Protein chains: 2
Amino acid sequence: MADPQSLTPRQEHLLRLIVREHVETAGAVASRTLVDRYRLDVSSATVRNDMARLEDLGLLLQPHTSAGRVPTEKGFRYFVERLMEEATLPQNEQRMIAHQFYQARNHIEEWLPLASTVLARISQAAAILTAPRTTRSLFKHLELIATHGRAVLLVLVLEGGTLEQQMLVLSEPMTQGALREAADRLNQVCAGLDADQIASRIPELPPLEQNICQLVLTMMHNVEGDTSDELYYHGLAELLQAPEFTGTEEASTVLVRVLEERSVLQAVVAETLTPSVGVGSVRVLIGGEGRWDELRTCSLVLARYGIADYATGALGVVGPIRMQYGRAISAVRFVAGVLGELVYDIYQPDAHSDIVA
Amino acid sequence: MADPQSLTPRQEHLLRLIVREHVETAGAVASRTLVDRYRLDVSSATVRNDMARLEDLGLLLQPHTSAGRVPTEKGFRYFVERLMEEATLPQNEQRMIAHQFYQARNHIEEWLPLASTVLARISQAAAILTAPRTTRSLFKHLELIATHGRAVLLVLVLEGGTLEQQMLVLSEPMTQGALREAADRLNQVCAGLDADQIASRIPELPPLEQNICQLVLTMMHNVEGDTSDELYYHGLAELLQAPEFTGTEEASTVLVRVLEERSVLQAVVAETLTPSVGVGSVRVLIGGEGRWDELRTCSLVLARYGIADYATGALGVVGPIRMQYGRAISAVRFVAGVLGELVYDIYQPDAHSDIVA
DNA sequence: GTTAGCACTCTAGATTATCGAGTGCTAACA
DNA sequence: TGTTAGCACTCGATAATCTAGAGTGCTAAC
């Protein structure tokens, strides 16, 4: 990063304006344009001198001789870290969003779609989210529900409310009553234990319960291992409208691939989900930062949400490098906050919520 | 549709070849090319005469004077209905797919992703699927599971194994035991009933159960109403590689929008889900057929799967009009069959399946 | 340190020229 | 009547050329 001392206040201001202008127009910014548009009281020649300086520092670049300047990734980084005014969403927008989430508070399955819609709309980019996950899974409760014939639905509730379900097929039919007895035995033995502890108790159990327990163990391990399969995104169509993705076909293909195949995003998100990233802080990844080549053409704004050590997920937006970072960051922060509260309410329902229906 | 009598065998054969060639090359097909490539024992002039005839009938068209011919939608339709050799998948491919599904047979949540991967790969297009849905929902069983504090998970099992779940928050905490008693009462009252019947029994119930019942009713109605929110797709990235979507930016944008917004697909799929479309039959929709403008640039191959009147879903592929219909149809038919068997097994598990784990 | 003036560079877009693929037509032929 | 060789003609794609203007860097003056 460029030594901040080396930038005069005017240079910083120019960088700010160039970023703003570039974000708006998607094109290179000319010295003349800046002077005219922002009524600067210096001449374009002066601006050009400063621009040359900013280019020396690697904050700007010229696409070609005799074109205006475009911020580099380093320039964007500088902007995000030092120059950006931290916008918060307008009050009425906040209220509206909060209200939408309030209405969906008892419909867990709608949280992610709603959050994605909101994020995509506000940030004008694509939204990505993962469902909240517990970091360590403790057995809480298990239900066995006869669905049809020998098919039985196993519902596993983990401490913290994570829910897993799986179908199993018995070798011969059992009544719901018999299933309940088996479930009760398992619940008694396993309540509050983690996977390892349950494994050590398996020998004590009758054969049927042993089999089921084995299944439960794999489910618990899956929960701990996976942040992967739950990646959810929305807003690709809007994102592809951006000029940087309409020009070369390649850019858009890369983007679609990234969003569809998910592996790269999963890796980035997994990083965001490590405890070292505090819940509440927002992470900005600009142009892949040299580490994610596929993300070269885009930027991510990511945050964790939920309750640290209990249930956290990641959420964020994917946009062109030329993203409205201010909006994106405030959107991500706000939605992370709202979602976090919802998750919190499930853990610690407090007095103001009331019965559904 | 053109009167089949009006086509000579050679003209039909030429149409077949033109479709085949066009599907392969994505370009206009020249008379000369056909003669050379397929060693026809007529001259290119003769072929041109026939082509002119096929064009008169609306089966071919020239993108511009002095270009080769391209099949029209009508041409593709003719091809699909009369000329296409009904390919079945190679044995070993069938076995491989069946094996994959066999391994996933007890992991319901993997059925759709697996099916979509398989479909996309074989047909080299994007896959779309809906989860199996019951057409009429009968209450089977309900469980209330305390997850944390006053939060309770309601799991509703419908006749046929459809599963719905929802979180509800009580006004004050209840023990798992008390919840079970409430659930038992409801199970006794509601077992086997449909939504209307349950509604008529509500007055008999204590207040808490009334509230829960109300919730159950909306869930049942949702199940009946919705084929919508479960639309699942995969393979967009591959599809966008096709030359017809790389040329103009507009085509690809339309496609992405169709796949992302889903409303159009939902409408088409809903049509496929009406009982008039038999389970097992495959429907081919070419270029929107004039009714779906957004689908102008693509074709769909769709089928229902599952058990008629019990639980059926739709599945299919979306590709360019220039699609390998043979592959696509056989892939859709085969996967629909395999998925159907899985659904069937849940309903009527037979002797050969054994216990999981 | 700032600025006016100016020569210079490079791109985007328009214009034109050229090539060749592929057709339709005609006239001859079986 | 159906088939074929021959040929003129059309039209799109590609390349080559030109032009306008946007924007810079430099220099010299303030």
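Q: How does the surface near DNA strand C divide by class?
A: In this predicted model, that surface has 7 nonpolar, 10 polar and 3 charged residues.

Q: Which residues come nearest to strand C?
A: A:V42, A:T46, A:T65, A:S66 and B:A30, out of the 20 residues around DNA strand C.

Q: And which elements give two or more residues there?
A: Helix 3 (44-56) of chain A does, and so do helix 2 (31-38) and helix 3 (44-56) of chain B. Helix 3 of chain B gives the most, with 4 residues.

Q: OK, DNA strand D now. How many residues surround it, and which are the closest?
A: DNA strand D is surrounded by 19 residues, and the closest are A:A30, B:V42, B:T46, B:T65 and B:S66.

Q: Which helix gives the most to that surface?
A: Helix 3 of chain A, with 4 residues. By class, the surface near DNA strand D has 7 nonpolar, 9 polar and 3 charged residues.

Q: Away from the DNA: which residues have the most contacts inside the largest nonpolar core?
A: A:V332 and B:V332, in a core of 193 residues.

Q: What does A:V332 touch, leaving out residues up to four places away in sequence?
A: A:L119, A:V282, A:V301, A:A303, A:L315, A:G316 and A:V317.

Q: Last one, helix 13 of chain B. Which of its residues are buried?
A: Helix 13 covers residues 263-272, and the buried ones are B:L265, B:Q266, B:V268, B:V269 and B:T272.

Q: Why are they on the same side of helix 13 of chain B?
A: Because the arc they cover around the axis is only 165 degrees.

Technical notes: Residues are numbered from 1 along each chain as its sequence is written. Chains are lettered from A and ligands numbered from 1 in the order in which they are written. This is a predicted model: local features need pLDDT of at least 70, side-chain atom pairs count only at pLDDT 80 or more; totals for chains, interfaces and linings use all residues. A residue is buried if 20 or more other C-beta atoms lie within 10 Å of its own, exposed if 12 or fewer, and partly exposed in between; C-beta atoms are placed from the backbone. The arc is that of the directions from the helix axis to the C-beta atoms. A nonpolar core is a set of buried Ala, Val, Leu, Ile, Met, Phe, Trp, Tyr and Cys residues joined through C-beta atoms within 7 Å. Two residues are in contact if their C-beta atoms, placed from the backbone, lie within 7 Å. A residue is near a molecule or strand if its C-beta atom, placed from the backbone, lies within 6 Å of it. Ala, Val, Leu, Ile, Met, Phe, Trp, Tyr, Cys and Pro count as nonpolar, Asp, Glu, Lys and Arg as charged, and the others, Gly among them, as polar.
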